There are 2 protein chains.
Amino acid sequence: MTTNKKITSFDIADLAGVSQSTVSRALRGSPLVNEETRRRVQAAVESLNYTVDKNASNLRRKFSGTLALLFFEDPTPDDSHINPFFLSMLGSITRACAKQGYDLLISFQQLSRDWHADFADSKKADGIILLGYGDYLAYCDRLQKLVEQGTSFVRWGAVLPGQPDITIGCDNFRGGHDIATHLHEQGCRRIAFLGDASSHYPEFFERYRGYAAALEEHGLVADPDLQANAESTERAGYEAMQSLLERDAKFDAVFAASDLIAIGALRALAGRGLKVPDDVALAGFDDIPVAGFINPSLTTIRQDTRQAGDALVESVLKMIHGESPESAVLPGKLIVRRSSVREPSGLGDA
Amino acid sequence: MTTNKKITSFDIADLAGVSQSTVSRALRGSPLVNEETRRRVQAAVESLNYTVDKNASNLRRKFSGTLALLFFEDPTPDDSHINPFFLSMLGSITRACAKQGYDLLISFQQLSRDWHADFADSKKADGIILLGYGDYLAYCDRLQKLVEQGTSFVRWGAVLPGQPDITIGCDNFRGGHDIATHLHEQGCRRIAFLGDASSHYPEFFERYRGYAAALEEHGLVADPDLQANAESTERAGYEAMQSLLERDAKFDAVFAASDLIAIGALRALAGRGLKVPDDVALAGFDDIPVAGFINPSLTTIRQDTRQAGDALVESVLKMIHGESPESAVLPGKLIVRRSSVREPSGLGDA
DNA sequence: CTGAAAGCGCTTACAG
DNA sequence: CTGAAAGCGCTTACAG
């Protein structure tokens, strides 16, 4: 129907019988425009099916109406699978952006690449949200650099004193504490921990510290022989569990630093003929969608991704607007399922 | 460190001792630039940490280097949950975009909004990928309009003759056929179908048609009393299953049009004390991540999201470059798990 | 191989 | 309340 030439604000101006400046003002909602004029412009816009060219608009306004979401996972050989927890996050962040009228640009950055400049500087995004379970120490410098550049960004991660950036995260310490306390209540006394417990992975480390603190409160000690490193994949969980089994560690419960690790551990335990929860109680962290569906269903800490997404988006937006948001710790919630509940005796299902 | 004024190609030109045009050419990889000159420009770029302003660049080039991904799910009350199948798709599409040097812009459009113009016309994206299980008849007109506008877009969905757009989809008919054949092989003779079997949901409808065709090959007929509508949510699956149970339908197997529906059905069956697979064999479609983890693990058709993502991105890119890609049907793969396997007698696990 | 200049489509002081 | 004009930071014919 319409001719195939790009329609500009000048075409609208002609049709509406006003100047191009007025069209622009009308479209940006300037209070300076007469109501009647605004209506004429609107009519012209609709009849020509016009939309403002964002590139031109953004170039002038030095603004993009877009947030960038960067995943900084360690590169994985099997890169088709994103951690399901972050996938949930992605969903809620997208919703939160939509609510605020922002678009979301997504990028899966490998840690190796030089992302500090990619988005903010190239002006495709006004701010950045960083998500991932990568090695903290490996990207710490880059965060520093981002801060120096004055880039508006927030990070999902462990909230610790002295961080240069704004971080939103779950109360990992408390979560670890809750899990260990719960396992102790179930009568477990030798509770293994699966996950990196070092400053490379501060979220896991906090979970570990919460777990250790809870044990201590009950006169127990976190036994280094009952800890095995694992990053957040099923495979790593399987291997960590195997290593514990192979060195004949004695334990009656396993606290995995993430649900994915727990699922891998479950597989390793099953391989040895060990039953969960009867032989070994098991708990994870995150409450990813599968957690409720595996057999036995998995006790875990639920991180409220909806709330997290809102908080993340709200914080970047504040930074963009020149305000100074604070780092924030969000509560997690203990979800008790079958994997950790010891039946008093050999009874049936819950 | 650096002063906080925006660095432009003119700054680079000054530093490198060349004209701004040359800087631009060097950065865009023009073959016209002398190797030595290019190096000087590169050095200047790095020392000033410069990146090309995409808005300006895109404005001139009438190009954005961005693809938009639109989810056109029906608005759901619980909007924090995206169908896990599409979440997998999202992952693979993101990877495919990255591979091609494109950014991905994400938007969850409600069917109600007027998305036909939003992206392409506002020049934030060069092309659009459409994803969703919404009511086809409800957005058919808009697809038509998009085509008329000459927008570059591809859709994931049922590939049917006479469609105006480019569609990539799974071989739904074949998948439905495979499932029904498999269930028949397991000795099932009264196989129920859970899912909308109408042209509103063409993917489900194709699955249904494949199922009906397979039954027919075995001298059976798809019994309308064994079909109940459901869109692709767990809740709908639960309700559909309930309605069948409540009207006392007799069946020995259930083919759910999606895994989510199957999971809901499983819950309803368990509520009646019916055991899967012993009392009722069950199969789904999609092979979402939970499918292998639920108990019993779910027989389903795996859609290769990696391949799908590649195909989708490749097709839009072709359209953007003025080529004419074809609609394509991708093979699905029958994954047999415990939910549909009848043990010859009361033996143990598989 | 390089430079000077026009122009992409807007927004926003500036001057009425 | 409105218009004429400058300019955002690039890219790309055009002319050497």
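**Entry 1: helix 11, chain A**

I listed the buried residues of helix 11 of chain A in this predicted model. The list runs A:Asp259, A:Leu260, A:Ile261, A:Ala262, A:Ile263, A:Gly264, A:Ala265, A:Leu266, A:Ala268 and A:Leu269. That makes 10 of the 13 residues buried, so the helix is largely enclosed by the rest of the structure.

I then checked the length of helix 11 of chain A, residues 259-271. At 1.5 Å a residue the 13 residues should span 18 Å, and the end C-alpha atoms are 18 Å apart, so the two agree. I also looked just past the end of this helix, where A:Gly273 has a positive phi of about 75 degrees.

**Entry 2: helix 5, chain B**

I repeated the length check on helix 5 of chain B, residues 84-99. Its 16 residues should span 22 Å at 1.5 Å each; I found its end C-alpha atoms 23 Å apart, which agrees.

How many residues of helix 5 of chain B are buried? I count 12 of the 16, and the helix is mostly covered. Among them are the aromatic pair B:Phe85 and B:Phe86, along with B:Leu87, B:Met89, B:Leu90 and B:Ile93. B:Ser92, B:Thr94, B:Arg95 and B:Cys97 are also on the buried list. Just after this helix I noted B:Gly101, with a positive phi of about 75 degrees.

**Entry 3: A:Thr22**

I located A:Thr22 in helix 2 of chain A, residues 20-27. Its relative accessible area is 18%, and the cut-off for buried is under 20%, so I enter A:Thr22 as buried. Setting aside neighbours within four places in sequence, I find A:Thr22 in contact with A:Val33 and A:Thr37.

**Entry 4: cavities**

I searched the whole structure for cavities of 30 Å³ or more and got five. I followed up the second largest, which has a volume of about 80 Å³. Its lining holds 13 residues, and those closest to the centre are B:Tyr133, B:Gly134, B:Tyr201, B:Pro202 and B:Glu203.

Which elements give two or more residues to this lining? They are strand 4 (153-156) and helix 9 (202-217) of chain B. Helix 9 of chain B has the largest share, with three residues.

By class, I have seven nonpolar, four polar and two charged residues in the lining of the second largest cavity. I also looked up the domains: domain 2 (66-170 + 304-332) and domain 3 (172-302 + 335-340) of chain B each give at least three residues to this lining.

Technical notes: Residues are numbered from 1 along each chain as its sequence is written. Chains are lettered from A and ligands numbered from 1 in the order in which they are written. This is a predicted model: local features need pLDDT of at least 70, side-chain atom pairs count only at pLDDT 80 or more; totals for chains, interfaces and linings use all residues. Side-chain values use heavy atoms; hydrogens and water are left out. On a 1 Å grid over the protein atoms alone, a cavity is a set of points where a 1.4 Å probe fits but cannot get out, and a pocket is an open set with protein on both sides within 12 Å along at least five of seven lines; lining residues have an atom within 4 Å of a point. Grid points are joined across faces, edges and corners, and a volume is the space filled by probe spheres set on the points. Helices (H or I, at least four residues) and strands (E, at least two) are DSSP runs, numbered from the N terminus. Ala, Val, Leu, Ile, Met, Phe, Trp, Tyr, Cys and Pro count as nonpolar, Asp, Glu, Lys and Arg as charged, and the others, Gly among them, as polar. Domain bounds come from an automatic or database domain assignment. The expected span of a helix is 1.5 Å times one less than its number of residues. Buried means under 20% relative accessible area, exposed over 50%, partly exposed in between (1.4 Å probe, protein chains only). Contact means heavy atoms within 4.5 Å.
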